[in-house]
Amino acid sequence: MLRMAPFEVVHASSAEEAVALTHELADDQEVRYIAGGTDVLVNIKHELFEPVRLVHLGRASDLRGVSVDDDVLEIGALTTLHDLVTHDDLDAHAPGLRDAAESIAGPQHRRMGTLGGNLCLDTRCLYYNQTYFWRESMGFCLKKDGTQCHVVASGKKCVAAASNDTATLLLTLDTELDIRGKLNDGSVGVRTVPLDKFYKADGADNNVLQRGDLVEKVRVRRKEGRVAGFAKLRHRDAIDYPLLSVAVSLDVKDDVIEDAKLVVNALAAKPKVLKCKPLVGQRIDDDAAIEAMAQEAKKKCAPMTNICDDPNWRKAMVAVYVKKAIAAARARL
């Protein structure tokens with residue numbers, strides 16, 4: 001049986017109170033936010049997180065809900081994945097997000113897990129997401145308690161993989177995050193960060209959040225003529241984390257692709273955004289252009305042994321799932 005070390009649980013009634021509760025403790029004391037807890041509690045049991053305080057967000061109603069104003073979709077970070085999947089306004093403003101959210105874990109998890117939690121999901125690695133006993137026996141890794149990366153022996157930076165499927169899709173759209181925390185002048189306030197500036201190429205610290213920072217809202221701007229699609233590779237059709245996730249957005253006018261964005265995730269610490277030259281200027285039904293894009297993406301992606309399964313097979317699947325994502329986008333026209 002895996003046991004959790006003692007910690008304090010405090011409840012925040014608002015985003016502002018939640019941030020204040022994290023700054024009450026000294027900087028060397030680990031504090032974590034918890035909403036659904038589907039990832040945080042497992043990591044505590046594995047002694048990957050060692051908080052002295054958990055700040056529970058369940059009572060912070062200002063962090064929950066979906067609204068539309070002037071063609072902008074605004075989603076509170078505490079909105080559950082289940083509520084996203086069942087929301088009527090999602091497809092018009094964030095095409096493909098429903099599919100990405102519905103692909104995550106199982107129905108019970110989606111009723112607990114939140115959009116903010118998925119966007120901030122800890123990176124995963126075969127050598128990291130294990131019990132303390134396993135990691136101690138193997139020799140601790142670069143991300144937790146050790147000094148050596150077991151994936152890249154000479155690596156100076158952690159290569160644990162991002163596994164947040166909503167990020168894969170939202171990175172193809174015009175997405176921004178409102179983040180509450182300490183500003184440059186030392187005061188506490190809200191700053192807006194484009195999602196494509198949120199992630200970093202470091203598995204041990206793969207986003208821009210500082211201690212006490214809290215994602216409050218996710219904002220997506222609707223664009224006329226834009227469609228998007230999502231595809232996910234995993235062993236089972238539920239529960240499993242991605243071995244690969246792919247999303248694409250296409251700006252289409254008169255059946256011609258005027259602009260496109262492709263994101264491949266679950267390969268490295270940071271989702272990979274790829275240029276789409278083979279698609280831009282081509283007809284939406286041009287199979288040769290789609291095949292060229294699939295092969296270009298395969299060439300640009302280099303899976304590692306950071307998660308299970310053969311990297312060469314996962315690389316081959318990049319081309320397959322790029323075509324699946326494009327087919328899903330085309331089906332929305």
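Helices (H or I, at least four residues) and strands (E, at least two) are DSSP runs, numbered from the N terminus. This is a predicted model, in which local features need pLDDT of at least 70, side-chain atom pairs count only at pLDDT 80 or more, and totals for chains, interfaces and linings use all residues. Residues are numbered from 1 along each chain as its sequence is written, and side-chain values use heavy atoms, with hydrogens and water left out.

**Exercise 1. Find where Asn 129 lies and describe its surroundings.**

Step 1. Look between α7 (115–119) and α8 (132–138): Asn 129 sits in the loop there.

Step 2. Check its exposure. Buried means under 20% relative accessible area, exposed over 50%, and partly exposed in between (1.4 Å probe, protein chains only). Asn 129 has 14% relative accessibility, so Asn 129 counts as buried.

Step 3. List the neighbours, where contact means heavy atoms within 4.5 Å. Leaving aside residues up to four places away in sequence, Asn 129 touches Asn 43, His 46, Leu 48, Thr 123 and Arg 124.

Step 4. Follow the side chain of Asn 129: it reaches the backbone nitrogen of Cys 125 at 2.9 Å.

**Exercise 2. Work out how many disulfides there are, starting from Cys 125.**

Step 1. Recall the idea: a disulfide is a covalent bond between the sulfur atoms of two cysteines. The rule used here asks for a pair of cysteine sulfur atoms within 2.5 Å.

Step 2. Try Cys 125, which is buried at 11% relative accessible area. Its closest cysteine sulfur is in Cys 141, 6.3 Å away, which is too far for a bond.

Step 3. Try Cys 276, also buried, with a relative accessible area of 4%. Here the closest cysteine sulfur belongs to Cys 301 and is 11 Å away, again too far for a bond.

Step 4. Give the total: by this rule, the count is zero disulfides.

**Exercise 3. Describe Arg 53 and its charged partner Glu 8.**

Step 1. Place Arg 53 in strand β3 (residues 53–56). With a relative accessible area of 7%, Arg 53 is buried.

Step 2. Look for charge pairing. Side chains of opposite charge can pair when their charged atoms come close. A salt bridge is a side-chain nitrogen of Lys or Arg within 4 Å of a carboxyl oxygen of Asp or Glu.

Step 3. Apply the rule: Arg 53 and Glu 8 form a salt bridge, with their closest N and O atoms 3.0 Å apart. Since Arg 53 is in strand β3 and Glu 8 in strand β1 (residues 8–11), the pair ties together parts that are 45 residues apart in sequence. Glu 8 counts as partly exposed, at 36% relative accessibility.

Step 4. Add the other neighbours. Residues that Arg 53 touches include Phe 7, Val 10, Leu 21 and Glu 24, not counting those up to four places away in sequence.

**Exercise 4. Compare two further salt bridges, Arg 236 with Asp 240 and Lys 323 with Glu 291.**

Step 1. Take Arg 236 and Asp 240, whose closest N and O atoms are 2.6 Å apart. Arg 236 is partly exposed at 48% relative accessible area, whereas Asp 240 is buried at 13%.

Step 2. Turn to Lys 323 and Glu 291, whose side chains meet at 2.9 Å, N to O. This pair links distant parts of the chain, 32 residues apart: Lys 323 is in helix α11 (residues 311–330) and Glu 291 in helix α10 (residues 287–300).

Step 3. Finish with the total: a search of the whole structure finds 27 salt bridges.

Key:
Polar contact = N/O pair within 3.5 Å; in protein donor to acceptor, adjacent residues only side chain to side chain.
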